[in-house]
Amino acid sequence: QVLLMESGGGSVQAGGSLLLSCGVSGFASSNRYMAWFRQAPGKKREGVAGIYTNDGTTYYADSVKGRFTVSHDNAKNTAYLQMTSLKPEDTAMYYCAANPWIFGFDRHWNNFDKYSSWGQGTQVTVPS
């Protein structure tokens, strides 16, 4: 059984930082397509960052480029999302997702229907 478990969310002042973690069990995440998504109340789920864990290729939404960094630790079977310079508009539930194969990952990393495994989410709140 594939399980993804996010942690590290919380409330932080604007300009602050948070590190989200996504622990993976049930499969070795060293050769997987993974991504972080977020969903704010009343809004669609959007892709934040994607990573191909085999070679570390990463992709980012324009709204977070230069502020967020996605990474993966093969030894710990864990993905991370380092978030800096947080803004109130970053407030959302953050989810990690994974799939063994996504064709055209460079174009589809932020399509949530390409991922078969999802975590339960962790809340990030940046008060305005």
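Strand 11 of this protein shows two faces, a covered one made up of Thr122 and Val124 and an uncovered one made up of Gln123 and Thr125. The model in which this is seen is a predicted one, and strand 11, which covers residues 122–125, offers a convenient place from which to begin reading it.

Two other strands pair with strand 11. Strand 2, formed by residues 10–11, runs parallel to strand 11 and is joined to it by 2 bridges, and within this pairing glycine 10 has valine 124 as its bridge partner. Strand 9, residues 92–99, pairs with strand 11 in the antiparallel sense over 3 bridges, and here methionine 93 has glutamine 123 as its bridge partner. Valine 124, the partner of glycine 10, belongs to the covered face of strand 11, whereas glutamine 123 belongs to the uncovered face.

Threonine 125, also on the uncovered face, has a relative accessibility of 28% and therefore counts as partly exposed, since the partly exposed class lies between the limits of 20% and 50%. Once neighbours within four places in sequence are left aside, threonine 125 is in contact with Gly10, Ser11, Val12 and Thr91. A further sign of how the chain returns to this region is that the C-alpha atoms of threonine 125 and glutamine 13 are separated by 8.4 Å, although the two residues are 112 positions apart along the chain.

With this corner in mind, the reader may turn to the whole chain. The protein has 1 helix and 11 strands, and along the sequence these follow the pattern β-β-β-β-β-β-β-β-β-α-β-β. Its radius of gyration is 13 Å, close to the 14 Å that the globule rule gives for 128 residues, so the protein is as compact as a globular protein of that length. The C-alpha trace spans about 40 × 30 × 25 Å along its principal axes, and 45% of the 128 residues count as buried. Among contacts with a separation of 6 or more, 59% are accounted for by residues 24 or more positions apart.

The surface can be described in similar terms. The protein exposes about 6400 Å², of which carbon and sulfur atoms supply 50%. There are 11 positive and 9 negative charges, and the mean positions of the two sets are 2 Å apart.

Strand 5 is a useful next stop. This strand, residues 46–52, is mostly covered, with 6 of its 7 residues buried. Strand 4, residues 33–39, pairs with strand 5 in the antiparallel sense over 6 bridges, and tyrosine 33 stands opposite tyrosine 52 in strand 5. The two strands form a hairpin with 6 residues between them, and in its turn glycine 42 has a positive phi of about 80 degrees. Strand 5 also pairs with strand 6, residues 57–60, in the antiparallel sense over 4 bridges, and threonine 58 in strand 6 is the bridge partner of isoleucine 51. Strand 5 and strand 6 form a hairpin as well, with 4 residues between the strands, and glycine 56 takes a positive phi near 80 degrees in it.

Positive phi values also occur in this model at residues that are not glycine. Most residues other than glycine have a negative phi. Asparagine 77 nevertheless has a positive phi near 55 degrees, and it is found in the loop between strand 7 (68–73) and strand 8 (78–83). Asparagine 77 has a relative accessible area of 17% and is therefore buried, the limit for that class being under 20%. Serine 85, which is not a glycine either, has a positive phi of about 50 degrees and lies in the loop between strand 8 and strand 9. At 40% relative accessibility, serine 85 counts as partly exposed.

Between these two loops runs strand 8, where tyrosine 80 is found. Tyrosine 80 has a relative accessibility of 18%, so it counts as buried. Leaving aside neighbours within four places in sequence, the residues in contact with tyrosine 80 are Leu19, Leu20, Ser21, Trp36, Thr69, Val70, Ser71 and Asp73. Trp36, one of these contacts, falls within strand 4, residues 33–39, while Thr69, Val70, Ser71 and Asp73 fall within strand 7, residues 68–73. The C-alpha atoms of tyrosine 80 and tyrosine 95, 15 residues apart along the chain, are separated by 11 Å.

Key: Residues numbered from 1 in each chain as written. Predicted model: local features only at pLDDT ≥ 70, side-chain atom pairs only at ≥ 80, totals over all residues. Heavy atoms only, no water. Rg over C-alpha atoms; globule rule 2.2 N^0.38 Å. Buried < 20%, exposed > 50% of the residue type's maximum accessible area, 1.4 Å probe, protein only. Contact = heavy atoms within 4.5 Å. Areas by Shrake-Rupley, 256 points an atom, 1.4 Å probe, with all protein chains shown as cover. Lys, Arg positive; Asp, Glu negative; His and termini not counted. Charge placed at Lys NZ, Arg CZ, Asp CG, Glu CD. Pairing = 2+ DSSP bridges.
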